[in-house]
Amino acid sequence: MKQGEAIHTLRRWSLRDRVIFTHTDLRKIFARDKEPAFRAGIAALVRAGFLRRLTRGIYFYALTDKPVPHPLEQIAVALRRSCYNYLSLESALSEYGVISQVPLAGITVMTTGRAGLFDTPFGRIEFTHTQRTVANILDHTRDVGRPLPLASVKAALRDLRRVGRNTHLVAEEELAEVLPDGG
């Protein structure tokens, strides 16, 4: 992989608002390179600062000149691409204004994939596994114009209670305003 060509290719992707890549994405983009050259090329791009490793197997094209909207959500989608994922728990309840603290360090995501915790330069992503059906997930989330759909207030509250943590953060007065029946 020639560094100049690789940077040109990544720049073209960034013009299409694609700056976060999995290792597999990069392998497909640079498919004509044999594996040793590919690995060496990625390592060289990271060393030179053109690519930034965010977490295991996830990279960021560092030369983008546009702000990256919702980077944690984009990373979450990349980490659990073959799963159904949605913002829930403290992240969703904070957006609805029904918990007393705003999570600043990261996002909480429900997933049909594995649970896990990922620290990135943009913040922390916490995945919590759910066994809910795809139909149930689709019925209780909504597209908010971001990479991840947002759980409804009832679904986020249900998820928080099921997980059994931070239920003390729920501000009952605000919840009553959002859900007159109390959820």
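User: What makes the meeting of aspartate 25 and arginine 18 a salt bridge?

Analyst: The term asks for a side-chain nitrogen of Lys or Arg within 4 Å of a carboxyl oxygen of Asp or Glu. Between aspartate 25 and arginine 18 the N to O distance is 2.7 Å, so the pair qualifies. Do keep in mind that this is a predicted model: local features need pLDDT of at least 70, side-chain atom pairs count only at pLDDT 80 or more, and totals for chains, interfaces and linings use all residues. Residues are numbered from 1 along each chain as its sequence is written, and side-chain values use heavy atoms, leaving out hydrogens and water.

User: How do you know whether aspartate 25 is buried or exposed?

Analyst: By its relative accessible area: under 20% is buried, over 50% is exposed, and in between is partly exposed (1.4 Å probe, protein chains only). Aspartate 25 has 11% relative accessibility, so it counts as buried. Its partner arginine 18, with 26%, falls in the partly exposed class.

User: Which residues make up the salt-bridge network around aspartate 25?

Analyst: Aspartate 25 also forms a salt bridge with arginine 81, again at 2.7 Å from N to O. Aspartate 25 belongs to helix α2 and arginine 81 to the loop between α4 and β4, so this pair ties together parts 56 residues apart in sequence. Arginine 81 is partly exposed at 43%. Through shared partners, Arg18, Asp25 and Arg81 become one network. Helices here are DSSP runs of H or I with at least four residues, strands are runs of E with at least two, and both are numbered from the N terminus.

User: What makes arginine 32 and glutamate 5 a salt bridge too?

Analyst: Their closest N and O atoms are 2.9 Å apart, so they meet the cut-off given above. Arginine 32 sits in the loop between α2 and α3 (35–47) and glutamate 5 in helix α1 (residues 3–15), so parts 27 residues apart are tied together. Arginine 32 is exposed at 71%, whereas glutamate 5 is partly exposed at 39%. The whole structure holds 14 salt bridges.

User: What links the side chains of arginine 27 and glutamate 35?

Analyst: A polar contact, which is a pair of N or O atoms within 3.5 Å; within protein, one must be able to donate a hydrogen and the other to accept it, and residues adjacent in sequence count only if both atoms are side-chain atoms. The two side chains are joined at 2.9 Å, so the distance passes. Arginine 27 lies in helix α2 (residues 23–29).

User: How do you know where the backbone nitrogen of threonine 108 stands with respect to serine 91?

Analyst: It lies 2.8 Å from a polar atom of the serine 91 side chain. Serine 91 is part of helix α5 (residues 89–95), and at 8% relative accessibility it counts as buried.

User: Why is the pairing of phenylalanine 60 and phenylalanine 122 called edge-to-face?

Analyst: Rings of Phe, Tyr and Trp (its six-membered ring) pair if their centres lie within 6.5 Å; planes under 30 degrees apart count as stacked, over 60 as edge-to-face and the rest as tilted. The structure has 3 aromatic pairs. In the one formed by phenylalanine 60 and phenylalanine 122, the centres are 5.6 Å apart with 80 degrees between the planes, so edge-to-face is the right label. This pair links distant parts of the chain, 62 residues apart: phenylalanine 60 in strand β3 (residues 58–61) and phenylalanine 122 in the loop between β6 (116–120) and β7 (123–129). Phenylalanine 60 is buried at 9%, while phenylalanine 122 is partly exposed at 32%. Phenylalanine 118 and phenylalanine 127 also pair edge-to-face, since their centres are 5.9 Å apart and their planes at 85 degrees. Both phenylalanine 118 and phenylalanine 127 are buried.

User: What makes α4 mostly covered?

Analyst: Of its 9 residues, 7 are buried. They are Pro71, Leu72, Glu73, Ile75, Ala76, Ala78 and Leu79. In the protein chain of 183 residues, 43% are buried.
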